[in-house]
Amino acid sequence: MLFKVKKIDWPILLILILFMGASTLVIKSAILGNTGYTNYDMKNLVFYCLGFIVLLITSFIDYRIWVRFSIYIYLIGVILLVTVYFFGTEINGAKGWFELPYNLLFQPAELVKLTLIISIAWFISRRNGDRLNLGGDVIPLGLIAFIPFVLVLIQPDLGNAIIYLVIFLGMAWIGNIKYTYVLIGTAAIIAFLFMFIFLIDKYHDEVYVFLESKGSGHWLERIDTFIDPDNSTGRQSAEAFKDSSYQVTKSKIAIGSGGLSGDGYLKGNSLHEGFIPFPYSDSIFVVIGEEFGFVGSSVLLLLYFLLIYRMILIAIQTVELSGVYIIIGVVSMFVFQIFENIGMLIGIMPLTGITLPFISYGGSSLLINMICIGIVLSIKMHQKHTPVY
């Protein structure tokens, strides 16, 4: 046990402690003056404390156990996604949460990120580093990712669904997929996007009527916002949402107002107060940009870089391929979430419901992220040699 404690990656734990402090402070500012979100900052601290406990427990469990039972773990994740679709609670238009005692919510889509990473790692590691072939590897891997992708997409939760695809692509790339498959896939994606944009432009009103009848009209509004934010004609009726480009426009104004060093912490009357939806969750980077400016935003990005850097170092020093693939899956997930969350708020990515890892408020996402880090630490702790770096 003492030997394992010595092998814990302490820089990663330090980074997570800094994230905990930053997240709690920013959430406190984000809910300032909003009585509907009382004590979210304190709840965030509780989630972090639970997260550190779960992280440490996970790190001491040999990660190979998770890989060994990956098929059953994957099936549990799929069953939860099916169950939540029929018996879950609908929040913000998506039926993707289970209500738990003490007013807690559990989102299975967050857990499935981890189950997908472990399952793909087990499948690819069977090849022992050999090239992935189309029929025996790439297509089955695609099905493993496609099933949860569809189940989450129909909730509808486009953000988490896209993350599943990113995890699959990142792990398949490191898993030694043939370059010809990559070129074919890239060409197919580009062709699909061009055709998609063309059809959306030509049949815009018909598509909106269809999606609205399914309760998913907000999808097209978000697409309009990304493709042509100046001319998007959203149909939302709430005061703060007169058009679909409202959130992006106000987010960019608030972030830009922070300038170099920010407008100040807890100064009150901030641009994000009452104008930016979910400033404690999906839009929390707006609060950081406005109150701490370019300097504060850069420090946050530096912490993310250091976290990713430490995980990649562990992957480089890992002997077993299953451990390498798990780390790459976790890194792919975090990098995309960071890029998408910040990108959508500054107008370079479409709006989705993706949170900012370790900073946004959310018990399910935080606990799953901490478990992911715990497994990464387990991969380092349970190697048969001692990495030198």
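# Questions about a predicted chain

Guide: Of the 389 residues in this chain, 50% count as buried. This is a predicted model, in which local features need pLDDT of at least 70 and side-chain atom pairs count only at pLDDT 80 or more, while totals for chains, interfaces and linings use all residues. Residues are numbered from 1 along each chain as its sequence is written, and side-chain values use heavy atoms, with hydrogens and water left out.

Visitor: What makes a residue such as Glu 110 count as buried?
Guide: The word buried means under 20% relative accessible area, exposed means over 50%, and partly exposed lies in between, with a 1.4 Å probe and protein chains only. Glu 110, in helix H6 (residues 108-125), has 4% relative accessibility and therefore counts as buried. Its contacts, by which I mean heavy atoms within 4.5 Å, include Asn 160, Ser 364, Ser 365 and Ile 368, once neighbours within four places in sequence are left aside.

Visitor: How is it decided what counts as a helix or a strand?
Guide: Both are DSSP runs numbered from the N terminus, a helix being H or I over at least four residues and a strand being E over at least two. On that basis the secondary structure of the chain comes to 15 helices and three strands.

Visitor: How do you know what span to expect of helix H3?
Guide: The expected span of a helix is 1.5 Å times one less than its number of residues. H3 (residues 40-60) has 21 residues, and the distance from its first C-alpha to its last is 30 Å, which is close to the 30 Å expected.

Visitor: Which residues of H3 are buried, and what puts them on the same side of the helix?
Guide: The buried residues of H3 are Tyr 40, Asp 41, Asn 44, Phe 47, Tyr 48, Gly 51, Phe 52, Leu 55, Thr 58 and Ser 59. They lie on the same side of H3 because they cover an arc of only 150° around the axis, where the arc is that of the directions from the helix axis to the C-beta atoms. As background, an α-helix has 3.6 residues a turn, so residues three or four places apart point the same way. What the buried residues of H3 pack against is helix H2 (10-30), helix H4 (63-68), strand S3 (104-106) and helix H15 (363-381).

Visitor: How many disulfides are there, and what rule decides the count?
Guide: A disulfide is a pair of cysteine sulfur atoms within 2.5 Å, and by this rule the count comes to zero. As for individual cysteines, Cys 49 has a relative accessible area of 45% and is therefore partly exposed, whereas Cys 372, at 0%, is buried.

Visitor: Why is the crossing of H13 and H15 called left-handed or right-handed?
Guide: A crossing is left-handed if the near helix is turned anticlockwise from the far one by less than a right angle, and right-handed if clockwise. H13 passes H15 in a left-handed crossing. Helix H13 (residues 284-316) and H15 pack at an angle of about 35°, with their axes 10 Å apart; the axes are lines fitted to C-alpha atoms, for helices over the stretch in contact, and angles run from 0 to 180 degrees between N-to-C directions. Leu 307, Arg 310, Met 311 and Ile 314 in H13 meet Ile 373, Val 376 and Lys 380 in H15.

Visitor: What is notable about phi in Asn 176 and Phe 358, and are these residues buried or partly exposed?
Guide: Asn 176 has phi near 80°, a positive value in a residue other than glycine, and Phe 358 has a positive phi of about 70° although it is not a glycine. Asn 176 is found in the loop between helix H8 (158-174) and helix H9 (179-202), and with a relative accessible area of 25% Asn 176 is partly exposed. Phe 358 sits in the loop between H14 and H15, and at 2% relative accessible area Phe 358 is buried.

Visitor: What makes Thr 355 count as buried, given that it lies in a loop?
Guide: Thr 355 lies in the loop between helix H14 (321-345) and H15, and its 12% relative accessibility is the reason it counts as buried. Not counting residues up to four places away in sequence, Thr 355 touches Ser 281, Asp 282, Gln 337, Asn 341, Ser 360 and Ser 365.
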